[in-house]
Structure formats: C-alpha cells, structure tokens
Amino acid sequence: MSKKTIMIADNDPGIVDVLTLMLEDAGYEVETTDDGQTVKDIEEHLPDLILLDIWMAGFDGRDICKYLKSQKLTKHIPIIMISANKDAEEIAKEAGADDLLAKPFEMSNLLTIIEKHLKQNE
Amino acid sequence: MKGQHSKKAIISATGNLRKAINAQADKGIAPLVSQKTIITQSDESSHTSRQEKIIKLKEAVTLTQEYTNEIISELNVINEEVTITRDYADAIIQTVRGPLLVLNKDLRIISANEAFYNAFKVAPNDTENRLLYDLGNRQWNIPKLRILLEEILPEKNTIEDFVVEHDFKDIGQKTMLLNAQTLQQGPDKTSLILLAIEDITEKKRSSMYTRSLIEASLDPLVTISPDGKITDVNEATIKVSGIVRQQLIGTDFSNYFTEPDKASEGYQQVFKKGFVTDYPLTIRHADGKRLTDVLYNASVYKDDKGNVLGIFAAARDITQRKQLEQQKDEFIAIASHELKTPVTSIKGYTQVLQNRFKKEGNIKAVELLARMDGQLSKLTSLIADLLDATKIEGGKLQFHEGYFDFNELVIDIVGEMQQTTTKHTLIKKLAPTKTVYGDRDRIGQVITNFISNAIKYSPHTKKIVTTTLEDKDSVTLSVQDFGVGIPKEKQAMVFDRFFRVSGLKEDTFAGLGLGLYIAGEIVKRHSGRIWVESDGEKGSTFCFSLPIKKGIRKNQTNTLVEEEIKHE
C-alpha cells in the first residue's frame with residue numbers, strides 16, 4: 001500500500017518544518033506550500049488530506065477551504081484547519097473544514113485526528 | 001433675657017420721665033403766676049412795709065430756688081434717662097458682632113460699635129457726630145453708598161444685602177455687605193438709620209478660592225439637590241456635556257448619561273448611604289456622539305444642623321484609562337498569540353525527538369524530553385491564561401456548551417493532575433452526579449486550576465481531596481488541601497485579577513495571579529457560584545457549584561468570530 005500524502009499549507013516555517021517531521025516519522029508523504037494560490041490550483045497528484053492554516057499571508061484559509069469544498073475534484077479531500085485558537089472551531093465549521101487543530105497541539109493528538117479522517121475517507 | 005429686662009426698665013423709666021416733665025409743668029406754671037402776683041402786689045400796695053416785702057421776696061426767692069432745684073433735679077433725671085436710653089442703644093450696637101452704625105437722618109454718625117472701629121480702622125473720636133462720608137479723610141465718600149443711603153433708603157426704609165466694593169486707602173480693597181433700616185425714635189419721631197456693614201472681603205475671597213479650586217479641577221464636578229436636580233457645575237462639566245451652565249442648572253442630573261436609570265440609581269444610593277465610590281457611568285455629550293466614561297465619587301453635604309442639602313459629585317474621566325487598558329489587553333492578546341506558534345513548534349520538535357529516542361531505546365533522553373515537554377505545557381498554560389484574561393476583559397470569552405458527565409470529567413482531570421505530581425496523593429470522594437450542561441473544557445479548566453493551586457500551595461503536605469456533591473438543583477465540587485491556607489481578610493480577593501497569595505517566608509509562589517480570576521469568570525458565566533473556605537492556617541478548600549440544566553449566560557458580546565490575528 002502506497003504512502004498517504006498530506007499537504008501542509010502554512011506560511012510559518014517553524015510549524016511547517018515540525019509538522020513535516022512529525023508526519024514523515026509517522027510514515028506519511030508530505031507536500032508543503034506557503035502560498036494559498038498553490039493550494040487552490042491543485043489538480044494533479046491530489047493529496048489525501050490537507051492541513052490548512054486558517055490565516056496565510058494574503059489568503060484567508062476560510063476562502064481556500066470553501067473553494068476546495070466547492071470543487072468537484074477536491075471536495076472529497078479532508079481539510080483540517082490549524083488555528084492559534086480553539087475558539088475558531090465555528091469558523092472552521094462554517095468554512096466547511098472537517099476538523100480544527102488548535103495550537104499548541106500534541107503530536108499524538110495530531111496523528112489521531114489525521115488517522116480518523118483518512119479512515120473515514122476510505 | 002437680660003436685654004428684655006433692661007428694655008422694660010427703660011420703658012418704665014421713660015414713662016416716669018414723662019410724668020416728671022408733666023408734673024414739673026403743673027408745678028412750674030403756678031409759682032410763676034404767683035410770683036408775678038407778688039410783684040404786682042408789691043408795686044400797688046405802698047403801705048406794705050419794706051420788711052414784709054423783703055420777707056415775701058425772700059420767700060419767693062426760696063420758693064423759686066426750690067422749684068429751680070426741683071427742675072434741675074428733674075432735668076438730671078431726664079439726663080439720666082437719656083443716658084440710659086443711649087447706653088441701651090449703645091449696648092445693642094456693641095453686642096452686635098458685625099460692624100454697625102447708627103446715623104441720624106443727615107447721615108451723621110450717632111454711634112458706632114467696636115466691630116466697626118476695628119474693621120475699618122477708625123477711632124471713636126473721628127467717628128461720632130461726623131458725616132458718614134467724611135470718615136477717614138472722606139474715604140467713605142463712595143458713590144454707590146450715597147445712592148443707597150440717599151435715594152433707595154428714604155424710599156424703601158430698608159436696604160437688604162447690597163454688596164459694595166471699595167478700595168480704602170488704609171485697609172485696601174474691601175467687599176461690604178450692607179443692610180440698613182430707618183427707625184423712628186422717641187416722642188418726636190426722630191429718624192435714625194441703623195446701618196450694618198458686614199466685611200465680606202474674606203468670605204468672598206474664600207468663596208472665590210473655593211470656586212477656583214472647583215474650576216481648576218479637570219474632573220467634572222456637580223452638585224445635586226435631593227430631588228436629583230443639578231444645582232451647580234464647573235467648567236469641566238460644561239465641557240464634557242457640551243451644555244452651558246445655565247441650561248444645566250435646575251435640570252435632572254440623570255439626563256446627561258447614556259443610562260439615565262443607572263445615574264439616578266447612583267445618586268439615590270448616595271442619599272441612602274451618604275456616599276458612593278467609583279460608580280461607573282457614561283456621560284453623553286450634547287453632540288450625541290462623544291461619550292465619556294467616568295467613575296463617580298460622590299457624598300452628601302449637610303448644613304450645620306446635619307440636614308442633607310445635596311450631593312457633591314466628582315467624575316473621574318477614565319476614557320483614556322480605558323483606552324490604555326484596551327491597548328494593553330490587545331497587546332497581551334497579540335503577544336500571547338505570537339508566543340503560541342514558536343511554543344507549538346518547540347513542543348512539536350520535543351515530541352519528534354522523544355519518539356526518535358524511544359525507537360533508539362535511549363530511555364534517559366526520553367525522560368529528559370518528557371520533562372522538557374512538561375515545562376512547555378506549563379508555558380502553554382500561562383500563555384493560555386493570559387489570553388483568557390484579556391478575552392474576559394474584552395467580553396470575548398467563548399463557551400461551547402453541551403451536556404457532559406460531571407464525575408467523568410472530574411475523574412479525567414484528577415488522573416491527569418496526578419501525573420504532574422509525585423509528592424501529592426489526589427483523593428477522590430465522588431457522589432453520583434447527573435449530567436451537567438455547560439462548556440466541558442472550561443469547567444475542566446476550573447477543576448485543573450483548583451487542583452494545581454492545591455498542589456502549589458501545599459508543598460509540605462501530601463493529601464489533596466477532591467469531592468463532588470449533588471443536590472436537587474446543583475452539583476458542587478470542592479478541592480481541599482492542607483497547605484498554607486488563606487487568611488480570612490484575603491479570601492474575598494482571591495478571585496480578583498492579579499491577586500496572588502503570599503505564603504510563609506520560605507514559600508514564594510510563582511504565577512500570574514490569573515487562574516482563579518479566570519475560574520471565577522467561567523463559573524459565573526455558567527450561573528454558578530465559586531468560593532473558598534479556609535481558617536487561614538490549615539489549608540483551604542476551593543469550591544464551585546453549578547446549576548443543573550442551566551445554560552451559559554449570554555450577557556457578553558457573543559461574537560462567534562474570535563478574530564484570528566493576522567500573521568504578517
């Protein structure tokens with residue numbers, strides 16, 4: 001069975017780097033971007049799951065999320081939003097995200113959530 | 001009493017005097033007539049001997065002499081009476097503490113009192129019988145005084161509270177309050193003028209001093225009558241309300257606030273209690289836009305008999321303070337938000353390392369990293385507390401409500417907290433509880449706070465007991481420790497922001513002083529009650545109770561969006 005691919009869309013290198021390490025250690029293939037447009041434009045090599053920062057420079061995570069969830073090609077991809085605050089739960093739901101991960105998160109918690117959504121999507 | 005007495009004496013003395021004069025007249029006419037008769041007789045009867053004439057003349061002379069003596073003695077009596085009357089008038093004048101003059105109708109001074117001499121630095125010799133205007137080198141030739149005495153007084157017979165200002169050469173600028181009364185005195189109705197001159201220079205100066213103090217205040221000051229009407233204002237009030245003095249005075253105090261009911265409740269409280277401190281209100285400017293947040297400090301003022309005359313209220317403009325506080329809260333919000341990302345990152349690296357070392361079997365490294373992770377968790381919760389506190393201040397603390405099993409939550413948290421301490425044994429005494437409606441995480445935060453405080457403030461004892469109770473309407477949780485305790489006088493403050501319990505000399509406790517403040521707010525918003533029991537020595541018990549089936553009070557701005565702060 002091939003490795004699952006997770007896309008990390010966040011413009012904070014500290015977060016992108018540590019998430020990459022965590023996910024790679026857990027056996028995932030990781031793609032990263034700090035550009036909101038790149039996330040919108042994905043057509044080929046669709047990831048199995050997207051970790052999306054709620055705020056990216058120049059992009060509103062909510063818009064990206066709504067867009068992806070409105071596209072035939074991408075709407076099935078689970079999107080987990082990353083926020084600095086738990087109170088953003090409502091925003092995430094509104095934007096159609098599947099889940100929210102609030103900073104600071106525990107590695108074990110992150111992996112559990114990812115696994116849950118990947119399983120649901122199988 | 002004494003005065004009345006002497007007055008009676010004088011009235012009767014005056015009566016006697018009149019009788020004496022009449023008697024004199026009766027007696028006086030007869031002898032004069034008889035004397036004339038005697039002389040005529042002496043001219044006409046030549047045969048009367050010279051001797052007889054002499055005897056008769058002698059008799060007449062003696063008689064005249066007697067009458068003269070009698071007249072003189074009566075005149076003495078009159079003089080005496082006059083003196084008594086004068087002394088009486090003088091006595092009155094002298095007993096009056098304010099400067100007082102008695103003038104005749106030509107405005108000559110009949111008498112003046114000591115107070116007058118003292119106040120206006122004139123001597124009795126230079127005063128009596130002088131024309132008022134001529135006093136002190138004609139310094140009293142004051143145009144306004146002339147008008148008062150020569151034009152107004154003759155017409156009205158009285159002058160009440162006329163203020164006259166004059167710059168005297170010797171004694172300087174004086175402000176005088178004049179009161180005068182015309183009196184008809186004696187049988188011939190002689191006109192007398194009683195002129196009271198009060199030197200109100202000092203009074204005026206001190207009232208100007210008071211006024212300038214009031215005006216110098218940047219705080220809006222106002223006095224309010226018992227029926228809530230404004231009786232006086234200072235410039236600051238005029239500025240903050242945008243309404244001129246004349247239009248403020250006599251109107252309802254509560255008119256000028258965004259919450260008139262709260263304003264009138266405020267001044268009623270002052271009348272009830274005698275004062276209020278830091279009573280928050282918002283003043284509305286006449287332009288309808290500008291609002292000024294103020295804290296009112298007010299107290300009643302009384303007359304010398306203790307009757308309440310009104311309220312003196314001072315408003316402290318705290319708009320700027322509020323702005324600063326808001327800026328500070330915003331700053332803390334941004335700062336703690338910005339801290340979160342690197343902490344998340346560090347925590348992540350720690351956990352990645354922990355996993356890698358675990359795979360390698362490096363137990364020592366795993367252990368060290370676990371401790372590092374524990375410290376990072378503390379840092380995380382400090383940041384979270386800061387953020388929560390600013391949210392409470394900004395009315396943005398949010399709750400996610402739902403039903404949850406109360407005991408299950410308690411068991412979870414006690415279990416978690418036991419992981420953080422090897423010194424303490426966490427004991428559970430749980431009564432069966434129903435499900436509770438509220439924010440599970442936030443209630444959990446309160447329990448965590450209670451237990452971590454218990455651990456922190458009982459460094460030398462082992463036992464910490466967590467108890468749950470349930471009655472008809474509520475569930476209660478209490479966490480009891482056996483540590484330093486909280487003195488009675490400080491117990492009310494423990495839920496205040498930034499309050500920290502200071503321990504014994506050897507125990508200093510770290511912390512931001514926010515935990516219980518946040519806990520208090522969370523419980524309050526769940527319509528619950530939070531309190532502490534402690535005898536101040538043998539530990540303390542922190543408790544909260546939550547109503548069963550009652551949602552969170554939506555009394556704060558219920559913004560769904562907690563604005564995520566943009567990354568640059």
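Which residue in β7(A) is the bridge partner of I82(A)? The bridge partner is L101(A), and the pair is shown in the second of the views described below. The model is predicted.

**View 1. Overall layout of chain A.** Chain A comprises 122 residues, of which 44% count as buried. Its secondary structure consists of 5 helices and 7 strands. Read from the N terminus, these elements follow the order β-α-β-α-β-β-β-α-β-α-β-α. Among the contacts of chain A with a separation of 6 or more, 58% are between residues 24 or more positions apart.

**View 2. The parallel sheet of chain A.** Five strands of chain A form an open sheet in the order β2-β1-β3-β6-β7, with parallel pairing. Strands β2 and β7 (99-102) of chain A are at the edges, and each pairs on one side only. Direction ignored, neighbouring strands of this sheet are turned by 20° against each other on average. Strand β6 (residues 79-83) of chain A runs parallel to β7(A), and 4 bridges join the two. Within this pairing, I82(A) has L101(A) of β7(A) as its bridge partner. Helix α5(A) packs on the sheet and touches β1, β3, β6 and β7 of chain A. The direction of α5(A) makes about 170° with that of β7(A).

**View 3. The β1-α1-β2 crossover of chain A.** Strands β1(A) and β2(A) run parallel and are joined by 5 bridges. One residue of this pairing is A9(A), whose bridge partner in β2(A) is T33(A). Between the two strands the chain passes through α1(A), and the resulting β-α-β crossover is right-handed.

**View 4. Helix α1 of chain A and its surroundings.** Helix α1 (residues 13-25) of chain A contains 13 residues. From its first C-alpha to its last, α1(A) reaches 18 Å, close to the 18 Å expected at 1.5 Å a residue. The buried residues in α1(A) are I15(A), V16(A), V18(A), L19(A), M22(A) and L23(A). An α-helix has 3.6 residues a turn, so residues three or four places apart point the same way. The cover over the buried residues of α1(A) includes β1 (5-9), β2 (29-33), β3 (49-53) and α5 (107-120) of chain A. It also includes α10 (319-360) of chain B, which brings the second chain into this view.

**View 5. The loop after α1 of chain A.** Residue A26(A) lies in the loop between α1 and β2 of chain A. A26(A) counts as partly exposed because it has 17 C-beta neighbours inside 10 Å, whereas 20 or more would make a residue buried. The C-alpha atoms of A26(A) and L111(A) are separated by 7.9 Å, although these residues are 85 residues apart along the chain. Also following α1(A) is G27(A), which has a positive phi, near 95°.

**View 6. The contact between chains A and B.** The contact draws 24 residues from chain A and 22 residues from chain B. On the side of chain A that touches chain B, the elements giving two or more residues are α1 and α4 (89-94) of chain A. Helix α1(A) supplies the largest share of that side, 6 residues. By class, the side of chain A that touches chain B has 13 nonpolar, 4 polar and 7 charged residues.

**View 7. Two helices of chain B.** Helix α6 (residues 201-216) of chain B has 16 residues and reaches 22 Å from its first C-alpha to its last, close to the 22 Å expected at 1.5 Å a residue. The number of buried residues among the 16 of α6(B) is 0, so this helix lies largely in the open. Residue A333(B) is located in helix α10 of chain B. A333(B) is buried, because 21 other C-beta atoms lie within 10 Å. Leaving aside neighbours within four places in sequence, A333(B) is in contact with L387(B) and T390(B). The C-alpha atoms of A333(B) and A384(B) are 9.8 Å apart in space, with their positions 51 residues apart in sequence.

**View 8. The mixed sheet of chain B.** An open sheet of 5 strands in chain B has the order β12-β14-β15-β17-β16, and its pairing is mixed. Strands β12 (425-430) and β16 (529-534) of chain B stand at the edges with a single partner strand each, so one side of each has no neighbour in the sheet. On average, neighbouring strands of this sheet are turned by 15° against each other, direction ignored. Strand β16(B) pairs with β17 (residues 540-547) of chain B in the antiparallel sense over 6 bridges. In β17(B), F544(B) is the bridge partner of I530(B).

Notes: Residues numbered from 1 in each chain as written. Chains lettered and ligands numbered in written order. Predicted model: local features only at pLDDT ≥ 70, side-chain atom pairs only at ≥ 80, totals over all residues. Expected span 1.5 Å × (residues − 1). Buried ≥ 20, exposed ≤ 12 C-beta atoms within 10 Å, placed from the backbone. Contact = placed C-beta atoms within 7 Å. Pairing = 2+ DSSP bridges. Axes fitted to C-alpha atoms, helices over the stretch in contact; angles between N-to-C directions. Nonpolar A, V, L, I, M, F, W, Y, C, P; charged D, E, K, R; others polar. Right-handed = clockwise from strand over helix to strand, strands pointing away.
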